[in-house]
Structures are given as C-alpha cells and as structure tokens.
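User: I should like to learn how to read the local and global features of a structural model, step by step. Please take me through one.

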Amino acid sequence: MKKCLRLNHISKTYQDENGETQALKDFTYAFKQGHFTSIVGPSGCGKSTLLSMISLLEKPTTGEIYLDNSILTRKNCNIGYMLQKDYLLDWRSVYQNVLLGLEIRKNVTSETKAYAKNLLAKYGLIEFQDKYPENLSGGMRQRVALIRTLATNPDVLLLDEAFSALDYQTRLSVTEDVYRIIKAENKITIMVTHDIPEAISMSDEIIVLSPRPATIKKVHPITFDIENRTPLATREHPKFSKYFDLIWKELGEDG
Ligand code: ADP
Ligand code: MG
C-alpha cells in the first residue's frame with residue numbers, strides 16, 4: 001500500500017527575545033508516496049519551518065503529523081533531508097560519505113553497504129567512489145549528497161533549495177538526474193524552491209503559500225501529456241509557460 005504523510009491543521013509560532021513570530025497557520029495537506037510535491041512562496045513565509053517540522057527537528061505549536069494512521073515519529077518513518085549546502089566531508093571518500101547517514105543511524109551492515117554501493121552503481125557514481133569531494137564538480141557533489149540521503153532508504157525525502165547554489169547549466173543537468181533517481185525510488189518527496197521553472201519541471205503538484213504566516217493559497221496539479229516525462233522535456237512543452245504565468249502572477253499578487 002502506498003504511504004501517505006498527512007499534516008493536520010499545523011501551525012507554528014516561534015518565541016524569542018523579539019516576541020512572537022507566527023510562521024505557519026493551519027496547514028493541512030496529504031503528501032503521497034511516489035509524488036513529487038513542490039512548495040513555493042514568498043521569502044520568509046515559513047517554507048523551511050514546514051520542512052523542519054516534517055523532519056521532526058521542530059515541533060508544531062498546534063496540529064499533528066501522521067504517517068498513514070500513526071503519529072509521525074523517528075521510529076515509524078525515516079526522513080531524508082537535503083539542503084543547499086551538500087555537507088560532504090572533505091576528508092572522506094565518496095563511498096565513505098555515502099555511508100555517513102547509515103553510520104549516524106548505527107545501521108551499517110553488509111546489507112545496507114550493498115544497497116549503498118548499488119545506488120552508486122545505478123546512478124553512475126561507482127567509478128568515483130574512491131575520489132574525494134574536492135575532485136568533484138558541484139553537480140556531482142549534489143548527486144553524492146542525494147545518494148547519501150537515499151542510502152538510508154528514507155520514506156520521505158525533503159529538499160530545501162537543494163540546487164540553488166549551483167550554476168544554471170549544472171542545475172538543469174542535476175535536476176534531470178535527481179528527478180530520474182527520485183522517481184525510480186518511489187519516495188514521498190517534498191521540495192521547497194524559489195525557482196518556479198524548477199518546481200514546474202519536476203513536480204506532480206505545486207503548493208503556493210501566502211506570505212507569513214504561511215497558509216495554502218493554491219494547489220496546482222502539474223500534468224504533461226509526455227511519455228517518459230523528464231524535467232527538460234516539460235520545459236519544451238507549451239503548457240510549461242502557462243503554468244509559469246499562473247504561478248508567477250499568484251506570487252506577484254503578494255508582492
Ligand atoms: P522561508 O524558508 O519561507 O524563507 P522560514 O521558515 O525560514 O522562511 O522562516 C519563517 C519565519 O519564521 C521568518 O520570519 C523567520 O525569521 C522565522 N523563524 C524561523 N526560524 C526561527 C527560529 N528558530 N526562531 C525564531 N524565528 C524563526
Ligand atoms: Mg527557507
């Protein structure tokens with residue numbers, strides 16, 4: 001059965017010396033396995049806050065998060081998180097970096113090591129396994145970071161502006177790879193980005209958030225009649241610019 005991550009009336013208010021900041025208000029949504037969902041919204045509206053609650057780094061002020069019918073915990077759900085910076089360790093080889101997430105979870109076994117190797121092989125990185133991060137391009141480093149995250153076999157994959165530090169050409173080619181890998185691995189994927197074309201090119205649906213405190217302004221299903229869809233193929237499709245105009249205008253309304 002397909003897994004489902006359900007956020008039920010989630011709100012988040014931060015308290016610090018400057019007083020209270022409400023970052024999120026009454027967010028309700030069900031993220032489905034195998035679906036790639038992007039979240040776009042004005043800067044500072046609460047996007048990263050949302051991901052930090054899903055990753056259990058922050059607690060919602062009110063509301064609950066469920067995996068299927070159980071409250072989400074570290075025990076019933078493995079969550080992978082990818083950020084803008086790849087956090088590869090310079091003194092470890094590619095293979096040793098890929099094992100890091102497993103080491104942190106104390107889950108290095110012959111089986112998980114074989115799984116990690118298999119991911120490296122499947123996605124074209126096996127010949128680089130003994131290289132060090134400084135010998136890799138930015139795009140390749142980001143792919144290694146993704147494989148490291150996938151090596152722990154997460155149910156949920158969170159991407160927070162994961163490609164925004166890369167130059168345009170690299171970003172295009174990395175998103176091709178990442179899209180293919182994520183689709184093949186059948187995760188619940190949630191990506192935060194400020195790049196509308198990136199969101200359209202990869203997503204099955206896009207959630208547009210309001211300014212802070214973030215609420216769901218609109219959910220757009222993104223569909224293309226393309227056989228074997230890839231991000232680049234969507235960019236050439238006539239519907240692409242229609243989606244872009246729609247979402248661009250919606251974000252612009254909050255100006
Ligand atoms: P986004 O990712 O959409 O740019 P964030 O989720 O990072 O926005 O932040 C939303 C709001 O919450 C911002 O006003 C930010 O300053 C505030 N915020 C985020 N984290 C904290 C924190 N740990 N303590 C206090 N305020 C925070
Ligand atoms: Mg952010």
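Analyst: One term is needed at the outset: helices and strands here are DSSP runs, a helix having at least four residues and a strand at least two, and both are numbered from the N terminus. With that convention, Leu 56 can be placed in the loop between H1 and strand S4 (62-67). Please bear in mind throughout that this is a predicted model.

User: To how many helices and strands does the secondary structure of the chain come?

Analyst: The chain has 9 helices and 10 strands.

User: How does one judge the overall form, and what radius of gyration does the chain have?

Analyst: The general idea is to set the radius of gyration against a rule for a globule with the given number of residues. For 255 residues a compact globule would have a radius near 18 Å, and the chain agrees because its own value is 18 Å. The C-alpha trace spans about 50 × 45 × 40 Å along its principal axes. Among contacts with a separation of 6 or more, 70% join residues 24 or more positions apart.

User: What percentage of the residues of the chain count as buried, and what does the accessible surface of the chain come to?

Analyst: A residue is called buried when its relative accessible area is under 20%, and exposed when it is over 50%. By that cut-off, 51% of the 255 residues are buried. The accessible surface of the chain comes to about 12,400 Å², and carbon and sulfur atoms supply 50% of that area.

User: How many residues of helix H1 are buried, and which ones?

Analyst: Burial can be counted along an element as well as over the chain. Helix H1 (residues 47-54) is largely enclosed by the rest of the structure, because 7 of its 8 residues are buried. Those residues are Lys 47, Thr 49, Leu 50, Leu 51, Ser 52, Met 53 and Ile 54.

User: What value does phi of Leu 56 take, just after H1?

Analyst: Backbone angles are read residue by residue. Leu 56 has a phi near 65°, a positive value in a residue other than glycine. Leu 56 counts as partly exposed, because its relative accessibility is 27%. A second example is Asn 228, also a residue other than glycine, whose positive phi is near 50°. Asn 228 lies in the loop between S10 and helix H8 (231-235). With a relative accessible area of 68%, Asn 228 is therefore exposed.

User: Is the peptide bond from Arg 212 to Pro 213 cis or trans?

Analyst: The angle to read is omega. The bond from Arg 212 to Pro 213 is cis, with omega near -5°. Pro 213 belongs to the loop between strand S9 (205-209) and strand S10 (216-221).

User: How is the packing of two helices described, and at what angle do the axes of H4 and H5 cross?

Analyst: Two packed helices are described by the angle between their axes and the distance between the axes. In this case, the axes of H4 (residues 110-122) and H5 (residues 138-151) come within 9 Å and cross at roughly 145°. The crossing is right-handed. On the H4 side, Tyr 115, Ala 116, Leu 119 and Leu 120 take part, and they meet Ile 147, Leu 150 and Ala 151 in H5. The residues of this contact divide into 7 nonpolar, no polar and no charged.

User: Within helix H6, is Thr 175 buried or exposed, and which residues does Thr 175 touch?

Analyst: Here accessibility and contacts are best read together. Thr 175 is buried, because its relative accessible area is 3%. Beyond residues up to four places away in sequence, Thr 175 touches Phe 163, Glu 198, Met 202 and Pro 231. Its C-alpha lies 8.9 Å from that of Leu 232, although the two are 57 residues apart in sequence.

User: What of Leu 172 and Ser 173 in helix H6?

Analyst: Leu 172 is buried, because its relative accessible area is 14%. Apart from neighbours within four places in sequence, Leu 172 is in contact with Leu 232 and Arg 235. The C-alpha atoms of Leu 172 and Leu 232 are separated by 7.7 Å, with their positions 60 residues apart along the chain. Ser 173 counts as partly exposed, because its relative accessibility is 39%. Ser 173 and Lys 3 are 170 residues apart in sequence and 29 Å apart in space, C-alpha to C-alpha.

Terms used
Residues are numbered from 1 along each chain as its sequence is written. Chains are lettered from A and ligands numbered from 1 in the order in which they are written. This is a predicted model: local features need pLDDT of at least 70, side-chain atom pairs count only at pLDDT 80 or more; totals for chains, interfaces and linings use all residues. Side-chain values use heavy atoms; hydrogens and water are left out. Axes are lines fitted to C-alpha atoms, for helices over the stretch in contact, and angles run from 0 to 180 degrees between N-to-C directions. A crossing is left-handed if the near helix is turned anticlockwise from the far one by less than a right angle, and right-handed if clockwise. Contact means heavy atoms within 4.5 Å. Ala, Val, Leu, Ile, Met, Phe, Trp, Tyr, Cys and Pro count as nonpolar, Asp, Glu, Lys and Arg as charged, and the others, Gly among them, as polar. The radius of gyration is taken over C-alpha atoms; the globule rule is 2.2 Å times the number of residues to the power 0.38. Buried means under 20% relative accessible area, exposed over 50%, partly exposed in between (1.4 Å probe, protein chains only). Accessible areas come from the Shrake-Rupley method with a 1.4 Å probe; for residues, only the protein chains shown count as cover.
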